[in-house]
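Dear colleague,

I am handing over the structure shown below for your consideration. My account of what was found in it follows the display.

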Amino acid sequence: MSSHNQSWKEFNENPISHSMAHYLVTLRDLHASQGYARVSDVAEELEVTKGTVSVQMRHLKEKGLVVEDDNRHLRLTEAGQTLARQVVNNRATIIQFLHRVLEVDPQQAEVDACKIEHLLSRETSHQILALVQLLLSGDASAKALLKKLKSKRAQAAPEQRARPSHGPTSLERKP
Ligand SMILES: [Zn+2]
């Protein structure tokens, strides 16, 4: 099997789905803001039913990412915290790269970051962050490169600079 197909198989076995990532981050945020998280808090935060939250929590508990105590308070395990932190870091890094380096519209940057936040490996995210930090360092050569990139972008076809969208990109829409 080719390594590309191998990564596709591994991708399908990704430890967490996108919605699981959002549940983990929500638990993290609730703990930071109020010190605890119940099923009802998560449901309110994500605007879903308590039944939906319970189903997701069962999956997360099975994966060893969440535990529930006698007061029915939900808590991230060490592994859960690590994953939640990684998702949050990935999101921040992608937004910085898309918005501050590539000057993608901030809303679009958020939408796109949301879509891949749970998929980036720690290694890749780390390398992108290093690149972002270098490019935004204010160093003369970095500034020159950003300027070049900006003028290159100005020459790009206007339809490539579409408004924020969840749908297919302008490239995918072409016949
Ligand atoms: Zn997301």
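How many helices and strands are there in the chain? In this predicted model, the chain holds 9 helices and 2 strands. Along the sequence, their order is α-α-α-α-β-β-α-α-α-α-α. The chain has 175 residues, of which 20% are buried. If one takes the contacts between residues at least 6 apart in sequence, 47% of them join residues at least 24 apart.

Helix 2 and helix 5

I begin with a pair of helices. Helix 2 spans residues 18-34 and helix 5 spans residues 78-101; their axes come within 9 Å and cross at roughly 100°. Helix 2 is therefore roughly perpendicular to helix 5, since angles of 65 to 115 degrees are classed in that way. On the side of helix 2, the residues that meet helix 5 are Ala 21, Leu 24, Val 25 and Arg 28. Their counterparts in helix 5 are Gly 80, Leu 83, Ala 84, Val 87 and Val 88. By character, the residues of this contact divide into 7 nonpolar, 1 polar and 1 charged.

Gln 86 also has its place in helix 5. Gln 86 counts as partly exposed because it has 19 C-beta neighbours inside 10 Å, whereas 20 or more would be required for a buried residue. Gln 86 and Ala 21 are 65 residues apart in sequence, yet their C-alpha atoms are 9.6 Å apart in space.

The nonpolar cores

Which residues touch the most other members of the largest nonpolar core? They are Leu 24 and Leu 27, in a core of 17 residues. At least two residues of this core come from each of helix 2, helix 4 (50-62), strand 2 (74-76) and helix 5. Helix 2 gives the most, with 5 residues. Because domain 1 (16-76) and domain 2 (83-155) both give residues to this core, the core lies between them.

Leu 24 deserves a separate word. Leaving aside residues up to four places away in sequence, Leu 24 touches Leu 65, Leu 76, Gly 80, Leu 83, Ala 84 and Val 87. There is also a second, separate core of 6 residues, with Ile 94, Leu 98, Ala 109 and Ala 113 among them.

Individual residues in helix 4, helix 2 and strand 2

Is Gln 56, a residue of helix 4, buried or exposed? Gln 56 is buried, because 21 other C-beta atoms lie within 10 Å. With residues up to four places away in sequence not counted, Gln 56 touches Ser 19, Met 20 and Tyr 23. Tyr 23 lies 33 residues from Gln 56 along the chain, and the C-alpha atoms of the two are separated by 7.9 Å.

Asp 29 is found in helix 2. With 15 C-beta neighbours inside 10 Å, Asp 29 counts as partly exposed. From C-alpha to C-alpha, Asp 29 and Val 42 are 10.0 Å apart in space, and they are 13 residues apart in sequence.

Arg 75 belongs to strand 2. Arg 75 is partly exposed, as 14 other C-beta atoms lie within 10 Å. Not counting residues up to four places away in sequence, Arg 75 touches Val 66, Val 67 and Asp 69. Arg 75 and Gly 35 are 40 residues apart in sequence, with a distance of 9.9 Å between their C-alpha atoms.

Two residues with positive phi

Most residues other than glycine have a negative phi. Which residue in the loop between helix 3 (39-46) and helix 4 should be noted here? That residue is Glu 47, which has a positive phi of about 55° although it is not a glycine. Glu 47 counts as exposed, because it has 6 C-beta neighbours inside 10 Å.

Glu 103 also has a positive phi, near 55°, and is a residue other than glycine. The place of Glu 103 is in the loop between helix 5 and helix 6 (106-116). With 14 other C-beta atoms within 10 Å, Glu 103 is partly exposed.

In summary, helix 2 meets helix 5 through the residues named above, and helix 2 also gives the most residues to the largest nonpolar core.

With kind regards

Key
Residues numbered from 1 in each chain as written. Predicted model: local features only at pLDDT ≥ 70, side-chain atom pairs only at ≥ 80, totals over all residues. Axes fitted to C-alpha atoms, helices over the stretch in contact; angles between N-to-C directions. Helix = DSSP H or I, 4+ residues; strand = E, 2+ residues; numbered from the N terminus. Parallel < 35°, antiparallel > 145°, perpendicular 65-115°, else oblique. Contact = placed C-beta atoms within 7 Å. Nonpolar A, V, L, I, M, F, W, Y, C, P; charged D, E, K, R; others polar. Core = buried A, V, L, I, M, F, W, Y, C linked by C-beta atoms within 7 Å. Buried ≥ 20, exposed ≤ 12 C-beta atoms within 10 Å, placed from the backbone. Domains from an automatic or database assignment.
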